[in-house]
Structure formats: C-alpha cells, structure tokens
Amino acid sequence: MNARTSGARRTSRQNRITASAKTLRILGLRHLRRHKLRSLLAVAALGAGTSLAMSVLIVTQSVSASMTSFGTEIAGGAQLKVIGSTPEGGISQHLLTAIRDTKGVRSATGVVQAVTIVQSRNARPAVTIALGVSCSESLPIGLRGCPTSLKSASTALPSQASAAQMPVALVAPKLLERMAAVGTGGRANGNAGTNGNAGTNGNAGANGNAGAGMQLRTDVGLVPLTGARELNALNGIDDGRLIILPLKTAQRLFDRGHSMDAVYVTADAGASIPKLQARLRSAVGGWNGVVPSGTPPPETSIASNAIIPMLLVVAVLASGIAAVLVYNIVSLSLEERRKENAILAALGAAPTTIMMGPLAEGAVLGAAGGIVGSAGGWLIAKPVASTLSTFTKTLAGAPVLIHITPATFVAGATIGVGLGVLAAVRPALRAARAGIAGELSRRDRRSASSPLALASRATASLVLTGIALTGCWFGQRHGALHSWQPALAESSFFVTVISVVIATASIAPLIMIGARRLARGGRTLTGLALSNLAREPGRTGVMAIAVAASVGTAFITASFNQSVHAGLSASLSGGGSQGVFVATTARNSSVTVDAKLPAHVIQRLARVPGVATANAQVTILAGHIAGRLVEVEASTRPVMDLQLYAGHESLARFNRGYVLVGPALARRLNLSAGGHLRIDTPHGYAYLPIQGVWADGTLVGENVTVPMSTMTRLWGPQLPAVVAVAPRPGVSPAVLARRIKAAHIYPGLQVLTASQVLRLASSIAAGQLAPFWTLQHALLLVAFVAVLTTLLLVGVERDREMAMLSAIGLSPAGMVRLVISEAAILGLAGAALGVALGFPGVIALNEIAPIFIGFSNPLRFDLATLAIYVPLAIAASVTAAVLPAWRAMRLDVIKAIDYE
C-alpha cells in the first residue's frame, strides 16, 4: 500500500512538472521561436546592457588573477612572503636574520625585485623585472638548482663611463626576441637550448652573449647586457619579462645598499602555515607584512582604484536601460497575444499560470543576453585592461591579462536572468489582471499621462537634480575631509544621474505635445508623427532616454577630458613649476620604476648655463597593505603652492620637521593640523607632526609631503625620480632644454619642457578615459535597439490605426515616411535632451572627481564633440526605424480593421 502511494505521488509530481513545462512552452517559449528576430533583438539589448556590468567583473577578476599568477610564478615553492615597510629596500639584513630564526622556517630567501626598463637599438623600451638572488639560498622562482653562471658571478660593477660588460645576468629567450637584440654570439652558439641544461638544472649557456645591443636602466645609469646568458626556464615567468642578477649586483645597481625588497619563506615539513604566519608577524613587527607568497604586490591596487568606480556608474545606467528594453519586448509579445491570454482566463486559467509565460520569456531572454553580455564584456574589458596594464607594469612589472572562466558566463547569465525577470514582472502582472471582456474586444487600452502630470514630474526631477548637484558640491567641499562627505558626494552623483533620466522621460513627451500644437495637430505627416509620440509618453520617454544617454555620455566624457587637460595645464604653469623636467625615463611618473638620478647629475645640471635652480623630487611608497599605501614626497626646494584646507602655511615650520598630508589620507585616518601621522618605516613606526592638510592629489590624496631631512632620517638617502630645473630670467625653457641635452650629462637622460610634460600627461589621461568611449559606443547600440523595439511595439498596438490611414488614402510610402519621421523627431529630441541634461552630468562629475582622482579641475564643456555624436545618435535612431517602417508598409489592411 505504501509503495503504491509513494509511486502515485511520484507519478503525480512528474505529471505536474510535465504540465508546467508544457504550459511554459506554450505560453512563453514558443513565442520566442515564432519571432526569432524579436528574440535576437531582446538578446542584443540585454547583451549590450549587461556587457558593461560584465566588463567591470572581468576587469576586476583579471587584475586579481594576473597579479596573483605573477606573484605565484616568482614565489616558486615558498609558502609565505615578508613585505617590508616600503616596496624598495624595506628588508634589512637584521630582519632577514630574525625571519630565519623563527620556529618553523626551513629557508628564507631575500631578494631584490626591481621594476626597470630594458632598451635596445631595434625595439621600443620594455618594462622588465630585475630579480636579484643569492645562490647561497634556495631560489624563490622554482628553478631546480642555482645556475652555475650565477654561482661564480663577479659582483663588480662596470665603470659608468665605459662599455664594460654587465656582471653575469640571465635573461629569457622571449625577452631577447621581443627586443630583437640577439647578437651573433648569442643563440648561434646554441648553448642555452641544445645541451638541455637550462631546462633541467637551470644552467645557462656557457658562452652566452645574448644581450648584445641591450641596455638595462639602473640607478647608476645605462648598463649593457652584453654578457647576458639565455635561460629557457625564465620564459614561463611573467611571459619572459625577467632578468636574474646576483643579489649583491642588484643591490648596487638599484641603490639598495645591504637591504632587500622581499623575503620568500619556505616552511618546515608539517609546519602549520597560519601559525608560522602569526609567529613571523610577531618577529618582524606590525610595520612589515607577512602574506601568502602569491599575494599581488600591494601597489598594484593603485591602478584599478580610480577606474573601477567610474566604470560602475555607467554600467548601472546601461543595465537599467537594458531592463527597460526587455520590458518593451515582453510587452510587445503580450500585446500580440492579449486575446489569447483573455481566452485562457475565460477558460479558467489562474493568474499565476498566465504570468508564467512572460516571466519564462524574460528569464530565457535574460540568460541568453547575459551570456552574450559576457562576450561583449570581454570586448569592452580589453581596452580597460590595456589602460590598467600601463600602470601595473610600472608598479609591479606585470601586465593585466584578460582572465575569463566558465564562472564568468554563469555570472553573466545570472545577471541577465535577474534583469530579464525583473523587466517582465510588470507586463506579467498586467496580463494577469487584464479584464476578460475588454481584452476580447481589444478595447482595454491604457490611458496616457496628462501634460500636467508630465510637467509636474519633470519639474520635480529638475528640482531634485539641483538638490543633488548641491549635495555633490557639499560632498567635496574643503577637500572632503569628513568621513561622511564621500558617501554624500557619490550618492548625490547617482541621484543626479537618476533624476536626469527621469527628467528626460518626462520632458521628451512635453516637447512632442508642444511641437504638435505648433504643427497644427495631425494635418501633416509630421503633425501625425508628433501626435503619435505625444499620445504614448511612456514609449517616447524610453526611446528618448536611450538616445540621450549616448549623446550625454559622449558629452560628459569629452568635457571631463578637457577639464583634466585644463587642470594639468594650470598645475604646470603655476607655483614655480614652469621650466624643464629631467628624468631617466618618461615613465618616471611611477615611484616604483628603478631608474633614478644619481646625486652628481643634480650637481652637473646646476652648472649648465641658464639654470637658476635644480629641485630634486624624491618619492617612495610606505606601507604593505593594499589600499593603504602612502606616497611620501620630499624635494630639495619645497614650495607651498597648493590650496591649504586646514593648518598653517609656514615654510619655516615645515623645515623644522612638520609635514603636510593629502586629503584622502587625512580623511581615512581622521588627521588634522596639530596631530600626528603614524607611518611605517624600516625601523618601526614613526610619528610625524602634522602642519596641515592641503590639496595634493598624488596617489588620489593618499600622500604626505615631508622635509628632505625627514626623508633621509627615516628612509635613508633616496635618489630623485625627477629634477625640476628652473631657467634664469631671459632664458626660455626650450633653449634651456637644448643646452641640457647638449651637455651630455647622463646617458639616456630625458629632458622635457612643461608643454611636453603637459602633452604626455594629457595623453595618459585620455588613455584612462578610453574605456568610457568604448562604453559610449555600446550605448549607441543600446539606443538603436531601444528605438527599434519600441517602434515595433507601437506598430503592433497601432495596427488598426495604420490600417485606417491606409484605407483613407495614405500610401505605403507615406507609412514609411510616417514611421521614419517619428524616429527622426525622437532622435533629434533625445539628442537635444542629452546635450541639455548632460550639463548637470558634467558639473556633478567634475565636483566629485577630486574624491576619485585626487585633483580638482576647472569646469569645461566640450561642445565640439556634439558635432560628431549628435548626428550619430540621430542616424542610429533613423536606422532603427527601417524595420518597423517596412512592417507598416506590409500591413494587411482588411485583417487589421476586421477584428470585431
């Protein structure tokens, strides 16, 4: 009996599941097969919208995966890594001894891990890792044994003025190919790859001369790599961007003294890694870090902190538009089968049964769109990753490579399903609540919003926009030193975007109503098109939003780029910054590139005719926790040329040992004038008296400016990355630059005037905005799909009306012109609203920008870019009307009229 009951219940469940699946197929999924083009449009709409959100996810996981992979490759078999209080030379010999003496440590290998540049006559300079290792210790990079050429390496440095060979260096064959600098004595001898030593015990070719023509930038100048040996085992580490040097050689070349950059720790067999990590933290002190060996360098977090938040803003907007488009398409599908649903309801179908169809339709469309969005996110993520790579390579020596896993597509499908179902809820509820009699007679139409309601909504949205802009201003006021200010600024920015979108949806129908009156109602095709747009304010608003978003994004991005350029120009032309900037490489904007200027260069610069002053600028990073690094700045001739938010503007006080902190650092640590900043140093915590907080946005405001004497006392003598040279009166910067170049002070010296630095910095800033142009192009696609799907939906709803027009004499060509006119008018109105309501977007972004990028910029509006993107948006709108126009032309008049 029990077995029969159990079997009956099992059969009943199976029957219910089968019935539910059949209901879903009949009510929803078969319509997807029947209308393949419409389904493809829905998938394209969701794909375009979700691709922006997916690009953020892909970029974030790509940065993490790339940097973790890089750290793991370097670490080899080590389980833990000790990071010093600064990325460069933060580990002393005394600290290394303490690590080795810790219980549970089998081996501890100190390394120099310098980020530098290799150059040759035949290729562009390449950022490379120079790894200094000692063969008396186990190597961290996973080689089987120490290469014999390193064991017997001499540590003597080449004479700076001679072309003597580099003391032994091991290079990857991939790097040689990339630099196209293989000499005749290099791989022609075949020593690196033919005898098998490189792949087994790590030995390189004995007669290697692989580095002929290559030079390594170091803190002592350009060092030739003529005596380098190939080592095949290095090809798999950071794609061959690695050079191995003896430890003492690396310490001398990169100004480390007797210090190291990191220590890789291998635990005793059976030792508990978490317990060993805790013991090591106790041994090295809180100003140093102990992390898993594959942990990315903390400085790599700098690269993504500025771009990702801005990317999220546009992604949220695009996802919302995509949901609206799916809403349109599901509504279109339901409009075509209103009578079918009414018959089902009359036959006793429950409201939940009727809702199943559109919800399933939205879910399937969402899943497909999410998968397409994952692929689109990969395309959008590529330029973003390329932009980030320019930073991560100079910060850690490793690029960002796109990293996609099956989980990426699962996440995309999940996001798509969520958007699809959310978009289908309202049409599904409307279908479930529809009146049977009204639906069967097709007289149950929704009434349009009144002009008064539209005007009230538009007024409220514009007032809210003004309030939100005020919130943006308050959020960044006086450097946003209070912890509540960034939250206010960011939330106000989102409110600005949302209120502008709502205003667009309300103002667009009002424009149509006003224009219809001017066009004398519906007596012409233009008047009829305006009447149609005014009669459906919801549809008109959706299309206007899509078109306006594309134009507005272009306007905001271009204007912000102009603001950044103006800000850079102001900073380079004021405060004594005019003159000539001298460095070893144009990449020295990164504090982690190991190619600094020795002290004698500054002395020789001061003796060049026409030089008034030579101001050496020193920067280091302090800290070991990602997101909490502090850039420490010092100069030989400090100038207080920035706005002071709090404290005292006294150079004498500063020279007595007081410091000035950036706004983000002050906000994060609740610092104020008169207090103290605790900062990590190689000797422990230091407490620096704070003179004030000023508008220095370096490292997004996470910085402190100290006297040179303080820098030397806490971190030792540091080589400058840049020297700012001021000309004497009557000597132009261009003339002074030519004189410095002609003096041949230092090999490979880069000499740039302020205007050249401005062009370089502006180019870098424009590169950072390149992802936003990619997003803008995606929004053009979203606008195209929005207009297409909405006009298709409107065409289905107005089929009887169009049939009546045809019956009273409107030709097929006239129908085409009518639909095209609607799209053109809508595109023009949407583009105009995108421009008009783009102004609040530019203002809001410029107000909150200091919180994201650290610097305040003058407000600029780039009206020239509208000459490109306004016509593009209108063209996209008109092109999208081609298919609905074709459908209207082929309308069956008799069938459309005879439905009673």
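A residue counts as buried when its relative accessible area is under 20%. Keep that cut-off at hand as you move through this predicted model.

**Stop 1: F555 and F839**

Start by selecting F555, where the relative accessible area is 0%, so this residue is buried. You will find F555 in helix α18, which covers residues 537-573. Now add F839, in helix α27 (residues 838-853). F839 has a relative accessibility of 27% and is therefore partly exposed. How are the two rings of F555 and F839 arranged? Their centres are 5.0 Å apart and their planes meet at 65°, which makes the pair edge-to-face because planes over 60 degrees apart fall in that class. The two partners are 284 residues apart, so zoom out for a moment and see how the pair links distant parts of the chain. Before leaving, bring F861 into the selection as well: ring pairs join F555, F839 and F861 into a cluster.

**Stop 2: W287 and Y685**

How many aromatic pairs are there by the ring-centre rule? The count is 6. For another of them, select W287 and Y685, whose ring centres lie 5.3 Å apart with the planes at 80°, so this pair is edge-to-face. W287 belongs to the loop between α8 (273-284) and β10 (289-292), while Y685 is in strand β17, residues 684-694. Here the pair links parts of the chain 398 residues apart. Are these rings buried or exposed, or something in between? W287 is partly exposed, at 24% relative accessible area, and Y685 is partly exposed too, at 31%.

Stay on Y685 and show R678, which lies over the face of the Y685 ring at 4.0 Å from its centre. A further arrangement of this kind involves R653, placed over the face of Y658 at 5.1 Å from the ring centre.

**Stop 3: A283 and A98**

Next, go to helix α8 and pick A283. Its relative accessibility is 35%, so A283 counts as partly exposed. Add A98 and check the C-alpha to C-alpha distance: A283 and A98 are 6.5 Å apart in space, with their positions 185 residues apart in sequence.

**Stop 4: helix α17**

Finish with residues 525-535, which form helix α17. Which residues of α17 are buried? Colour G527, L528, A529, L530, S531, N532, L533 and A534. That is 8 of the 11 residues in the helix, so α17 is largely enclosed by the rest of the structure.

Conventions:
Residues numbered from 1 in each chain as written. Predicted model: local features only at pLDDT ≥ 70, side-chain atom pairs only at ≥ 80, totals over all residues. Heavy atoms only, no water. Buried < 20%, exposed > 50% of the residue type's maximum accessible area, 1.4 Å probe, protein only. Helix = DSSP H or I, 4+ residues; strand = E, 2+ residues; numbered from the N terminus. Phe/Tyr/Trp six-rings, centres within 6.5 Å; stacked < 30°, edge-to-face > 60°. Lys NZ or Arg CZ within 6 Å of the ring centre and 35° of its normal.
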